[in-house]
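Welcome! Here is a short briefing to help you find your way around a new fold, one topic at a time.

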Amino acid sequence: MTGSSTPLAPAAFSYPGHGGNAGIGVAICHGFTGSPLSVLPWAEYLAARGFAVSVPLLPGHGTDWRDLARHGWQDWYAAFEAAYLELAAGTRGCFVAGLSMGGTIALRTAARHNVSGVAVVNPGLSFYDRRVRYIGLLKYLQRTTVPVPEQNPTASPTEDGDYSLTPLAAVHQLSRLFKATVRDLPGVQAPALVFKSDTDVVVPPSSLELLRNRLGSRELDVVPLRDSGHVATLDVEAPLIFERSARFFLQHAPAPAVPAAPSSTTTALETP
């Protein structure tokens with residue numbers, strides 16, 4: 001992501017666009033406990049292609065896990081929705097995209113706004129751990145847990161701003177976000193592109209099944225990732241995600257407005 005040996009600090013990313021693709025916006029959402037660093041190569045690839053790009057830093061993220069515990073899912077959603085609306089106001093067509101929980105938030109945004117399309121990577125809608133059904137009680141008995149580790153990671157270790165501890169209060173909020181988004185999926189009418197890792201220890205296959213069964217859009221394209229883990233935007237198949245999503249955005253972007261032809265009507269001069 002950078003030629004420097006000093007890790008980048010988690011921060012929002014934005015680019016105004018250039019050339020013929022400047023009128024196409026892509027708002028990208030990072031995942032739970034993570035930061036924009038996890039999707040920064042994706043954002044930079046699209047920016048290099050001329051797209052207008054926005055990646056907000058969600059409340060409670062990029063700081064400390066204690067800060068995450070003080071925010072609810074509505075805060076995360078509202079921050080991304082605001083970034084999308086600002087980007088959409090300056091572009092002729094605007095897409096939403098995201099990784100993991102960021103994909104969840106992107107889908108909910110697509111259900112509530114007239115997006116041009118949605119592209120998500122390993123979007124979460126369900127959990128592997130069935131104990132999450134009791135999370136509303138467990139959060140009072142246990143303050144934190146640790147992230148689920150990749151068993152056989154295929155990508156090199158990266159600094160993406162992820163927390164080393166996860167507050168159970170925030171997991172409770174995540175479960176509420178999942179439920180709200182599942183209810184909203186029939187409202188997604190825009191074309192959808194989904195990248196799903198075959199080996200994903202964080203998001204179970206049931207999330208994809210929920211998406212297939214409840215998505216309102218008739219246009220759903222699922223791209224399997226054979227060699228990537230959960231954070232696929234930093235893994236070996238990241239170039240596939242970047243190139244395929246860029247094609248998707250170009251394919252579904254509204255055409256530029258055609259300038260109106262000058263009027264050929266002339267006014268005859270009266271003669272004496």
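The notes below begin with the whole chain and then turn to the sheet, its central strands, the cores and the aromatic rings.

What you see is a predicted model. The protein chain holds 8 helices and 9 strands, and 50% of its 272 residues are buried. Of the contacts with a separation of 6 or more, 77% are between residues 24 or more positions apart.

**The sheet and the helices on it**

- Begin with the open sheet, which has 7 strands in the order β1-β3-β2-β4-β5-β8-β9 and mixed pairing.
- Its edge strands are β1 (13–15) and β9 (220–225), and each of them pairs on one side only.
- On average, neighbouring strands of this sheet are turned by 15° against each other, with direction ignored.
- Helix α1 packs on the sheet and touches β1, β2, β3, β4 and β5. The direction of α1 makes about 5° with that of β1.
- Helix α8 also packs on the sheet, where it touches β2, β4, β5, β8 and β9. The direction of α8 makes about 170° with that of β8.

**Strand β4 and its partners**

- Strand β4 is a good place to look next, as it is mostly covered, with 7 of its 7 residues buried.
- Which residues of β4 point one way, and which the other way? G93, F95, A97 and L99 point one way, while C94, V96 and G98 point the other way; all are buried.
- β2 and β4 run parallel and are joined by 6 bridges. I24 has G93 as its bridge partner in β4, and V26 has F95.
- β4 also pairs with β5, in the parallel sense and over 4 bridges. Here V96 has V118 of β5 as its bridge partner.

**The nonpolar cores**

- As background, nonpolar side chains tend to be buried together in soluble globular proteins.
- The largest nonpolar core in this model has 39 residues. Those that touch the most other members are F32, W76, V96, M101, I105, V118 and L211.
- Eight elements appear in the next list, each giving two or more residues to this core: β2 (24–29), α3 (73–89), β4 (93–99), α4 (101–112), β5 (118–121), α6 (168–184), β8 (192–197) and α7 (205–214).
- Helix α6 supplies the largest share of this core, 8 residues.
- Another core, of 31 residues, lies apart from it, and F13, L225, A232 and F248 are among its members.
- Back in the largest core, what does L211 touch beyond its neighbours within four places in sequence? L211 is in contact with L107, P123, L125, L185 and V194.

**A look at L220**

- L220 is found in strand β9, one of the two edge strands.
- Is L220 buried or partly exposed? With a relative accessible area of 28%, L220 is partly exposed, because buried means under 20%.
- Leaving aside neighbours within four places in sequence, L220 is in contact with A192, V194, R212 and L215.
- L220 and V194 are 26 residues apart along the chain, and their C-alpha atoms are separated by 7.5 Å.

**Aromatic rings**

- The count of aromatic pairs comes to 7.
- One of them joins F51 and F249, with ring centres 6.1 Å apart and planes at 75°, so this pair is edge-to-face. The cut-off for edge-to-face is an angle over 60 degrees.
- Why does this pair tie together parts that are 198 residues apart in sequence? F51 lies in the loop between α1 (40–48) and β3 (52–55), whereas F249 lies in helix α8 (residues 238–252).
- Both partners count as buried: F51 has 0% relative accessibility, and F249 has 0% as well.
- F51 and F249 belong to one aromatic cluster together with F95 and F248. Two of these names came up earlier: F95 as the bridge partner of V26 and F248 as a member of the core of 31 residues.
- Elsewhere, R108 lies over the face of Y77, at 4.9 Å from the ring centre.

Methods
Residues are numbered from 1 along each chain as its sequence is written. This is a predicted model: local features need pLDDT of at least 70, side-chain atom pairs count only at pLDDT 80 or more; totals for chains, interfaces and linings use all residues. Side-chain values use heavy atoms; hydrogens and water are left out. Rings of Phe, Tyr and Trp (its six-membered ring) pair if their centres lie within 6.5 Å; planes under 30 degrees apart count as stacked, over 60 as edge-to-face and the rest as tilted. Buried means under 20% relative accessible area, exposed over 50%, partly exposed in between (1.4 Å probe, protein chains only). A charge sits over a ring if NZ of Lys or CZ of Arg is within 6 Å of the ring centre and within 35 degrees of the ring normal. A nonpolar core is a set of buried Ala, Val, Leu, Ile, Met, Phe, Trp, Tyr and Cys residues joined through side-chain atoms within 4.5 Å. Contact means heavy atoms within 4.5 Å. Two strands pair if DSSP finds at least two bridges between them. Axes are lines fitted to C-alpha atoms, for helices over the stretch in contact, and angles run from 0 to 180 degrees between N-to-C directions.
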